Every structure is written in structure tokens, then in C-alpha cells.
Amino acid sequence: MTSRTTITAVYPGTFDPITLGHEDLMRRAAGMFERLVLAVAVGHHKKTMFSPEERLAMAQEVAAQCCPQGNVEVIAFEGLLRDFVRTHQGRVVVRGLRTGGDFEYEFQMAGMNRKLMPEVETIFLTPGEHHQYTSSTFVREIATLGGEVSEFVSPGVLARLNERCRKGG
């Protein structure tokens with residue numbers, strides 16, 4: 001008889017909005033780990049376009065569509081990532097890297113997280129080539145200025161973005 005340890009990975013972010021790049025990383029991480037928790041940051045230093053409830057709803061919709069195996073949970077979090085990861089028995093933190101600039105920031109964050117939770121590893125995933133330059137910030141800006149963003153977000157997210165932009169942001 002063999003025993004298998006279930007590894008829980010946590011993929012944190014503001015997901016404002018969740019993009020096809022996020023979806024790509026979520027799908028791949030869900031294939032690597034038995035359980036993936038998409039941790040939607042609530043009380044974050046960034047000013048968000050969508051409320052925490054809206055971001056949770058979009059992330060849940062995307063997770064259900066892209067990861068039908070059912071091993072992805074979408075949960076809001078506030079406070080230190082360390083506390084959230086420990087509460088959910090996380091062993092791995094998943095972070096996405098698009099550019100060298102991302103690497104410097106994420107490398108520093110991974111170092112701090114290692115000090116705060118030495119039992120947890122950070123892994124970096126790069127998005128597929130079609131999503132390498134996709135960022136929520138760019139998507140919000142393009143949409144707000146009336147540009148087309150359908151190649152960067154799922155149809156459900158696109159509908160919410162278009163509605164928000166029609167209402168004036």
C-alpha cells in the first residue's frame with residue numbers, strides 16, 4: 001500500500017479582472033497539484049475596478065470553466081499571505097512571471113515569504129506565448145479607453161468589463 005500526500009498550492013492575486021493569462025496559469029497549476037486555491041486579495045493596496053465580490057464571482061466562473069476536474073477553490077483573503085496559506089494547509093505558492101521586471105519583484109517577495117513561512121515553496125510559472133504580455137492593468141486601461149480586449153479575457157469577464165466601462169468605470 002502506498003500513501004500519497006495531497007499538496008495544496010495557493011495562487012494569490014487581485015485578479016482585477018482575471019485574464020486569460022491567469023486562466024492559463026490556473027489550468028496548468030491545477031494539473032500539477034491535487035488542490036489549488038485561487039486566493040483573491042480583498043484588502044489590497046491596489047485600487048481595483050471591481051469589488052471583491054465581483055472579482056470572486058468572475059474567478060469562480062473562470063475556474064469552473066477551465067478546471068472542470070473540480071480541484072480549484074476560489075477564496076477571498078485579507079491580510080498576510082502567510083496566514084492564508086497556513087490556514088488552507090498550503091505547501092506551495094504559485095506566482096506568474098511575464099517579464100524580467102516581474103522576476104525582480106517576485107524574487108524579492110518569494111524571499112520574504114520564505115522568511116515568513118519556510119515550510120512553503122514558491123514556484124514561478126510563465127504564461128503561454130499568447131498571454132505573455134497580458135496584464136490586468138493593461139486590460140483595464142484598454143477597456144476604459146474603449147479598446148477591444150476580447151483576446152485577453154473570457155466572454156463572461158468581457159461582458160462585465162464592457163458593462164463597467166459603459167457605466168463610467
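Helices (H or I, at least four residues) and strands (E, at least two) are DSSP runs, numbered from the N terminus. The model is predicted: local features need pLDDT of at least 70, side-chain atom pairs count only at pLDDT 80 or more, and totals for chains, interfaces and linings use all residues. Residues are numbered from 1 along each chain as its sequence is written, and side-chain values use heavy atoms, leaving out hydrogens and water.

**Exercise 1.** Find the residues that UniProt marks as "binding site" and place them relative to the largest pocket.

*Solution.*
- Step 1. The unreviewed UniProt entry puts this feature at Thr14, Lys46, Leu81 and Arg95. Such annotations may be inferred rather than shown by experiment; positions follow the numbering used here, and feature names are shortened.
- Step 2. Thr14, Lys46, Leu81 and Arg95 from this set belong to the lining of the largest pocket. (On a 1 Å grid over the protein atoms alone, a pocket is an open set of points where a 1.4 Å probe fits, with protein on both sides within 12 Å along at least five of seven lines; lining residues have an atom within 4 Å of a point.)

**Exercise 2.** Describe the setting of Arg95.

*Solution.*
- Step 1. Locate Arg95: strand 4, residues 90-96.
- Step 2. Arg95 counts as buried because its relative accessibility is 14%. (Buried means under 20% relative accessible area, exposed over 50%, partly exposed in between, with a 1.4 Å probe and protein chains only.)
- Step 3. Leaving out residues up to four places away in sequence, Arg95 touches Pro12, Glu106, Met109, Thr122, Ile123, Phe124 and Leu125. (Contact means heavy atoms within 4.5 Å.)
- Step 4. The side chains of Arg95 and Glu106 are joined by a polar contact of 2.7 Å. (Such a contact is a pair of N or O atoms within 3.5 Å; within protein, one must be able to donate a hydrogen and the other to accept it, and residues adjacent in sequence count only if both atoms are side-chain atoms.)

**Exercise 3.** Which helices hold Leu81 and Asn113, and what does Leu81 touch?

*Solution.*
- Step 1. Leu81 lies in helix 3, residues 81-87. Asn113 sits in helix 4, residues 100-116.
- Step 2. Leu81 is buried because its relative accessibility is 12%. For Asn113, also buried, the relative accessible area is 10%.
- Step 3. Beyond four places in sequence, Leu81 touches Val10, Pro12, Val93, Asn113 and Met117. Under that same limit, Asn113 touches Leu81 and Pro118.
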